[in-house]
Amino acid sequence: MLVAVAQLCSSPSIGRNLLACKRLVERAAKAGAKLVYLPEAADYVAPSDQVFDLSSTLDSHAFLNGLREQAKLNSIWVGVGIHERPDLKDSGGLTILESKTTIPGPQLARPVSTPVGSVGLLTCYDLRFPEPSLLLLEQGAQILTYPSAFTIKTGKAHWETLLRARAIETQSYILAPAQAGEHFPGRASYGRAMIVDPWGLILAHCREFESPDGKIEDVEIDDSSQGELALAEIDLDVLARVRREMPLADQRRRDIYTLQALDL
């Protein structure tokens, strides 16, 4: 089945970002995709001192509700990374550190059934750790998602290598939508959203954004706010053959090491 990953440049304007995402969802559906995945922080990317004020609870999330309507209108399954406002009395002094503006999840979510297969839900920095992806594999995941907003420096050095490594070691399809371009002065993302197959081959990808001397002002910015799509076929027969011909799950030395998800 055909799937799509999206690439866009979210700004501090939620309305603008929603319009761009709705257009990407419509384009993916018209191309025949059964599922489209949007990047991390698709609703907004903003300076740290604005993050909390721009956030919403899920029951009053205008961006999320708008996407739900667009998904129904186009009969397509949509995945997206958004901000959810926590129940805090005082948000405190926010800084540029993600750990100061984001509360970590309490547990690893189980894979979700979708029209294209069983999807394990991970995000951005999770990509640097193989354990969550291996645990999701043991729970039946066939596809892993990494909606992301890598910096230009880390994206150029690590993005492709990590995505292909996660695909190879879990023998799963990887869907990696990405933020790309300059969100506001001083903050830019690498891009190169991609789809990787269970053998580690890149099936499709979008453009990357890079700066020759590391300065954000030199990053190529055109009409990236409108977004791009990378599309590829998910073939679960191919996945089954890869796992059958090299049965890594059966060959792991569970007699000397194990992985275990903790219920917190």
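A residue is called buried here when its relative accessible area is under 20%, and the legends below use the word in that sense for a model that is predicted.

**Figure 1. Overview of the protein chain in the predicted model.** The secondary structure of the chain amounts to 8 helices and 12 strands. Of its 264 residues, 45% are buried, and the accessible surface comes to about 13500 Å², with 53% of that area belonging to carbon and sulfur atoms. When contacts between residues at least 6 apart in sequence are considered, 74% of them join residues at least 24 apart.

**Figure 2. Helix H1 and the elements that its buried residues pack against.** H1 covers residues 14-30, and the 17 residues of this helix reach 24 Å from the first C-alpha to the last, close to the 24 Å expected at 1.5 Å a residue. Within H1 the buried residues are Asn17, Leu18, Ala20, Cys21, Leu24, Val25, Ala28 and Ala29. An α-helix has 3.6 residues a turn, so residues three or four places apart point the same way. The buried residues of H1 pack against strands S1, S2, S3 and S12 and against helix H3. After the helix comes Gly32, which has a positive phi near 100 degrees.

**Figure 3. The open sheet of 6 strands.** The strands follow the order S4-S5-S6-S7-S10-S11, and their pairing is mixed. S4 (112-114) and S11 stand at the edges with a single partner strand each, so one side of each is left without a neighbour in the sheet. From one strand to the next, the twist averages 20 degrees. Helix H6 lies across S6, S7, S10 and S11, and runs at about 30 degrees to S10.

**Figure 4. The hairpin of S10 and S11.** Strand S10 (residues 194-196) and strand S11 (residues 202-205) run antiparallel and are joined by 3 bridges. Ile195 has Ala204 as its bridge partner in S11, while the partner of Val196 in that strand is Ile202. Between the two strands of the hairpin there are 5 residues, and Gly200 takes a positive phi near 90 degrees.

**Figure 5. The largest nonpolar core, with Ile174 and its contacts.** This core has 35 residues, of which Trp159, Leu163, Ile174 and Leu175 touch the most other members. Two or more residues of the core come from each of strands S1 (2-8), S2 (35-37), S6 (143-145), S7 (173-176), S10 and S12 (228-233), and from helix H6 (152-170). A second, separate core has 19 residues, including Leu2, Ala4, Ala29 and Val36. Leaving aside residues up to four places away in sequence, Ile174 touches Leu144, Tyr146, Leu163, Arg166, Ala167, Met194, Ile195 and Val196.

**Figure 6. Helix H5 and the loop that leads to it.** The buried residues of H5 are Pro132, Ser133, Leu134, Leu135, Leu136 and Leu137, and they pack against strands S5 and S6 as well as helices H6 and H7 (236-245). Phe129 is placed in the loop between strand S5 (117-121) and helix H5 (130-138). With a relative accessibility of 40%, Phe129 counts as partly exposed, because that class lies between the limits of 20% and 50%. Phe129 and Leu162 are 33 residues apart in sequence, and their C-alpha atoms are 9.1 Å apart in space. Just after H5, Gly140 takes a positive phi of about 105 degrees.

**Figure 7. Two residues other than glycine with positive phi, Ser75 and Gln171.** Ser75 lies in the loop between H3 and S3, and its phi is near 50 degrees. Gln171, which lies in the loop between H6 and S7, likewise has a phi near 50 degrees. As for accessibility, Ser75 is exposed, with a relative accessible area of 66%, whereas Gln171 counts as buried at 5% relative accessibility.

Notes: Residues numbered from 1 in each chain as written. Predicted model: local features only at pLDDT ≥ 70, side-chain atom pairs only at ≥ 80, totals over all residues. Heavy atoms only, no water. Helix = DSSP H or I, 4+ residues; strand = E, 2+ residues; numbered from the N terminus. Buried < 20%, exposed > 50% of the residue type's maximum accessible area, 1.4 Å probe, protein only. Contact = heavy atoms within 4.5 Å. Areas by Shrake-Rupley, 256 points an atom, 1.4 Å probe, with all protein chains shown as cover. Pairing = 2+ DSSP bridges. Core = buried A, V, L, I, M, F, W, Y, C linked by side-chain atoms within 4.5 Å. Expected span 1.5 Å × (residues − 1). Axes fitted to C-alpha atoms, helices over the stretch in contact; angles between N-to-C directions.
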